[in-house]
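Got your viewer open? Let's take a walk through this protein, one selection at a time.

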Amino acid sequence: MRDLAALPKAHLHVHLESTVRADTLAELADLHGVDVRARTGRFGDFAEFAAHNGLVRDCLRRAEDFSRIAYEFCAEEAAQGTRYAEVTFTAAAHGERLGDPDMPLEAVLSGLAAGQAAHGIECRVIVDHPRKRSVERFETSLRLAAAHPEVVAIGMAGAEDHPLTPFAAVFRAAREAGVGLVHHAGECCGAASVREAVTVGLADRIGHGFRALEDPEVVALLRDRAIALEVCPSSNVALGLVESISSHPLPLLLDAGLTVTLSTDIPSSTGATLTGEYRLLRDELGLDDDTIATIATNAVDASFAPEDTKALLRQDIATWRAGS
Ligand SMILES: [Zn+2]
C-alpha cells in the first residue's frame, strides 16, 4: 500500500486565516483581548463559520502576527508532504481594518519566505476578495498582486449570489497584468455561479465548483476549457453543504471528465489535513492509487508554479505511483 503522506502534493485552496494553530490562536487572542479559541467540527451554517472566522482575523494585528502564522503554515504543510502551496489571504481587508494597506501582505510574504527556507517547500499567495465588498477594495487587491511577484492570482470569495459584473473591468486588468483569476463558485450557489465565474470572472480555476454538476452545459464548459476544480470534501461537510464524505460528489466530477484537484480550504476549522483528504479518497470514496496520483498531478498542472517546479513534482508523483 503506497504511503499517502509521501505522495508529493500541490495544495491550491487553503485560507491562511483558517490554518492558525490552536495554541497560536490562544496566545494571540489573549494578547489582543479577543474572546476566541480554536474549534473544529461541523458549523451550524456558513454564517456561524464566518462569525468565528471574524474573531480569528481580529487576533491578527501586528506584522509579527501575520509573519508567524505564515511561517507556521509552511511547517504544517511540509508535514503533509506538500511541496508547493498557493495560500489564500484576504490582504486588502486586513489592510483596511488596520489602516495600512501593504503591511499584512508584506508580513505574510516575509513569514512565508522564512518558512519556505526552513521547511523546504515552495509557496505563492492568492489574494481573495469577498464579493459584497467594494470594487475599489478589489482594485487594491490587484494593485497588491501586481506589486508582488509571489502573488499569483486574485479572486472572489464570499456570497456567491452577489454578481461579478461590477468587477469585470478589474478581471480584464488582471488578465492584462498577467495576474491569475481564481474564484469561489458552485459551493453555496448552483451551476450558474460557476458559469459566471468562467464567462464574467475569466477564471483560470474554480474554488469548489462541485455544483456545476447541476447543469450539463456548465460541465461541458469546464471540460472544454480544462478549468480545474479545487475540491475540498471535509470543508463541504463541515459547512453543511454536503451531507457526508461518502456522499460527496467528487467521484461524479471525475466521471464527468472534469479536472479535479484536492484541497483543505479551512483546515483549522475542520481538523482536516491534506494527507487526510487524500486518505478519504482511498478509504471513503474508493478511489484507486492511479486516480489519486492523477488528482495530485492535476493540482500541479493547474497551479501557477514555475515550470521547473511542475516538472519535478510530476516526476516525483510518477515515482510514487510506480512504487507499491
Ligand atoms: Zn475557500
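## A guided tour

Start with everything in cartoon view: you should find 15 helices and eight strands. Keep in mind that this is a predicted model. The C-alpha atoms fill a box of roughly 50 × 40 × 40 Å along the principal axes. How does the radius of gyration fit a compact globule? For 324 residues such a globule would come out near 20 Å, and the protein has 18 Å, which agrees.

Now colour by burial. Buried residues make up 49% of the 324 residues. Contacts reach a long way along the chain, too: taking those with a separation of 6 or more, 73% join residues 24 or more positions apart.

**Stop 1: the core.** Select V108, V127 and I154. In the largest nonpolar core, which has 87 residues, these three touch the most other members. Stay on V108 and add L16, F66, A70, F89 and V125: V108 is in contact with each of them, leaving aside its neighbours within four places in sequence. Another core, of six residues, lies apart from the largest one. To find it, select F43, F49, A238 and V242, which are among its members.

**Stop 2: two packed helices.** Next, select residues 91-98 (helix 4) and 103-119 (helix 5). In general, a pair like this is described by the angle between the axes and the distance between them. Here the angle is about 125° and the axes are 7 Å apart, so helix 4 and helix 5 are oblique to each other. Show side chains where they meet: A91, H94, G95 and L98 come from helix 4, while M103, P104 and L105 come from helix 5. Of these contact residues, five are nonpolar, two are polar and none is charged.

**Stop 3: helix 8 and its cover.** Move on to residues 191-199, which form helix 8. Its buried residues are A191, S193, V194, E196, A197 and V198. What covers them? The cover includes strand 5 (180-185), strand 6 (205-208) and helix 9 (216-225).

**Stop 4: two unusual phi angles.** Follow the chain out of helix 8 into the loop leading to strand 6, and click L202. Its phi is near 55°, a positive value in a residue that isn't glycine. Then click H208, in strand 6. H208 isn't a glycine either, yet its phi is positive, about 75°.

Which of these counts as buried, and which as partly exposed? L202 has 16 other C-beta atoms within 10 Å, so it is partly exposed. H208 has 25 C-beta neighbours inside 10 Å, so it counts as buried.

Note on methods. Residues are numbered from 1 along each chain as its sequence is written. This is a predicted model: local features need pLDDT of at least 70, side-chain atom pairs count only at pLDDT 80 or more; totals for chains, interfaces and linings use all residues. Axes are lines fitted to C-alpha atoms, for helices over the stretch in contact, and angles run from 0 to 180 degrees between N-to-C directions. Helices (H or I, at least four residues) and strands (E, at least two) are DSSP runs, numbered from the N terminus. Angles under 35 degrees count as roughly parallel, over 145 as roughly antiparallel, 65 to 115 as roughly perpendicular and the rest as oblique. Two residues are in contact if their C-beta atoms, placed from the backbone, lie within 7 Å. Ala, Val, Leu, Ile, Met, Phe, Trp, Tyr, Cys and Pro count as nonpolar, Asp, Glu, Lys and Arg as charged, and the others, Gly among them, as polar. A nonpolar core is a set of buried Ala, Val, Leu, Ile, Met, Phe, Trp, Tyr and Cys residues joined through C-beta atoms within 7 Å. A residue is buried if 20 or more other C-beta atoms lie within 10 Å of its own, exposed if 12 or fewer, and partly exposed in between; C-beta atoms are placed from the backbone. The radius of gyration is taken over C-alpha atoms; the globule rule is 2.2 Å times the number of residues to the power 0.38.
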